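Subject: Handing over the structure we talked about

Dear colleague,

I am passing on to you the structure that I have been reading, and below it you will find my notes on what was found. Please keep the structure open beside the text as you read.

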Amino acid sequence: MDRRIQKSRQAIMNAFMRLMSEKDFESMTINQIAEEANVNRGTVYLHFADKYDLRDQCVEAQLNQLQLSCMPEEGLVLLTSKTALLRTFEYLEQHASFYSIMLTSKGSAVFRNQMETMFRQSLNEHLDSISLDRELNRDITVQFLISAGVGLLEWWITRSMPYPPSVMVEQYWKLLNRFQLQMFEENSVLKLEK
């Protein structure tokens with residue numbers, strides 16, 4: 001992509017994020033975004049179909065960057081790797097303004113859905129490489145882990161990150177291990193009873 005085109009595109013995305021911190025998404029207009037980015041309205045439409053497309057592409061770009069930054073090593077899975085999880089919390093802490101805006105705005109459902117999709121993809125790849133207990137339903141297990149992970153991240157960000165990333169990861173990891181241990185013990189008891 002031409003450098004000027006990249007610069008215009010980034011200026012529009014930055015302007016959009018600044019406006020998101022000040023205004024409700026639904027009341028925001030393309031004219032306001034263009035004015036904030038110091039470009040004309042037509043330039044915005046060269047890059048984005050409408051403000052919804054702009055929002056979706058901003059979210060996608062941020063989540064792609066999150067994934068690249070947090071899982072650079074082959075085989076790391078976001079919700080099942082302590083290293084990837086710590087990188088994720090640290091990345092979110094460094095980019096708190098974007099994530100806070102996206103999770104507290106009316107567009108939060110779109111953002112949350114895209115984040116869940118990213119986590120689902122990562123988990124499915126991981127679960128393909130391991131054998132899941134026969135008594136556990138794969139769909140339910142994936143949804144449980146996604147809801148727990150995304151919910152915890154969302155809670156942490158919307159509450160202004162009350163604990164450092166290392167504490168969040170340690171606590172989450174302990175909870176996951178207890179859940180796994182408890183499931184293992186329950187399965188052992190069930191097998192012994194049979």
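Is Glu170 buried, partly exposed or exposed? Glu170 has a relative accessible area of 33%, and therefore counts as partly exposed. Please bear in mind, before going further, that this is a predicted model, so that every value in this message is computed from predicted coordinates.

Glu170 makes a good starting point, since it forms a salt bridge with Lys82, in which the closest N and O atoms are 2.8 Å apart. This pair links distant parts of the chain, with Glu170 in helix α9 and Lys82 in helix α5 (residues 82-94), 88 residues apart. Lys82 is likewise described as partly exposed, because its relative accessible area is 31%.

Overall picture

The chain has 194 residues, of which 37% count as buried, and its secondary structure comes to 9 helices and 0 strands. If we look at contacts between residues at least 6 apart in sequence, 62% of them join residues at least 24 apart.

How far to trust the model

The mean pLDDT of the chain is 81, and 80% of its residues reach 70 or more. Confidence is highest in helix α2 (residues 30-37), at a mean of 96, and lowest in helix α9 (residues 165-193), at 67. Over residues 183-194 the pLDDT stays under 50, and for this stretch the model has 5 contacts beyond four places in sequence. Where pLDDT is low, the predicted coordinates should not be read in detail.

Salt bridges

Side chains of opposite charge can pair when their charged atoms come close. The structure holds 6 salt bridges, including the one between Glu170 and Lys82 that was described above. Another joins the side chains of Glu154 and Arg112, at 2.6 Å from N to O. Because Glu154 lies in helix α8 (residues 138-158) and Arg112 in helix α7 (residues 108-128), the pair ties together parts that are 42 residues apart in sequence. Arg112 counts as partly exposed, because its relative accessibility is 23%, and together with Glu116 and Glu154 it is linked in a network of salt bridges.

Asp2 forms a salt bridge with Arg4, and here the closest N and O atoms are 3.5 Å apart. Asp2 is partly exposed, at 34% relative accessibility, whereas Arg4 is exposed, with a relative accessible area of 63%.

Three helices in more detail

Helix α4 (residues 51-70) has 20 residues, which at 1.5 Å a residue should span 28 Å, and its end C-alpha atoms are indeed 28 Å apart. Its N-terminal end is capped by Asp50, a side-chain oxygen of which lies 3.1 Å from the backbone nitrogen of Tyr52. Among the buried residues of α4 are Leu54, Val59, Leu63 and Leu66, but also Lys51 and Arg55.

In helix α5, the 13 residues should span 18 Å, and the distance between the end C-alpha atoms, 18 Å, agrees with this. Ala84, Leu85, Thr88, Phe89, Tyr91 and Leu92 are buried in α5. Seen down the axis of α5, these buried residues fall within an arc of 160 degrees, so they line one face of the helix.

Helix α8 has 21 residues with an expected span of 30 Å, and its end C-alpha atoms are 30 Å apart, in agreement. The buried residues of α8 are Thr141, Val142, Leu145, Ile146, Gly149, Val150, Leu153, Trp156 and Ile157. They cover an arc of only 140 degrees around the axis, which puts them on the same side of α8, while Asp139 and Ile140 are exposed on the other side. At the start of α8, a side-chain oxygen of Asn137 reaches to within 2.9 Å of the backbone nitrogen of Asp139, and just after the helix Ser160 takes a positive phi of about 60 degrees.

One residue to look up

Thr43 is found in helix α3 (residues 41-47), and with a relative accessible area of 17% it falls among the buried residues. Leaving aside residues up to four places away in sequence, Thr43 touches Ser8 and Ile12.

With best wishes

Conventions: Residues are numbered from 1 along each chain as its sequence is written. Side-chain values use heavy atoms; hydrogens and water are left out. Helices (H or I, at least four residues) and strands (E, at least two) are DSSP runs, numbered from the N terminus. The expected span of a helix is 1.5 Å times one less than its number of residues. Buried means under 20% relative accessible area, exposed over 50%, partly exposed in between (1.4 Å probe, protein chains only). A polar contact is a pair of N or O atoms within 3.5 Å; within protein, one must be able to donate a hydrogen and the other to accept it, and residues adjacent in sequence count only if both atoms are side-chain atoms. pLDDT is the predictor's confidence in each residue, from 0 to 100. Contact means heavy atoms within 4.5 Å. A salt bridge is a side-chain nitrogen of Lys or Arg within 4 Å of a carboxyl oxygen of Asp or Glu. The arc is that of the directions from the helix axis to the C-beta atoms.
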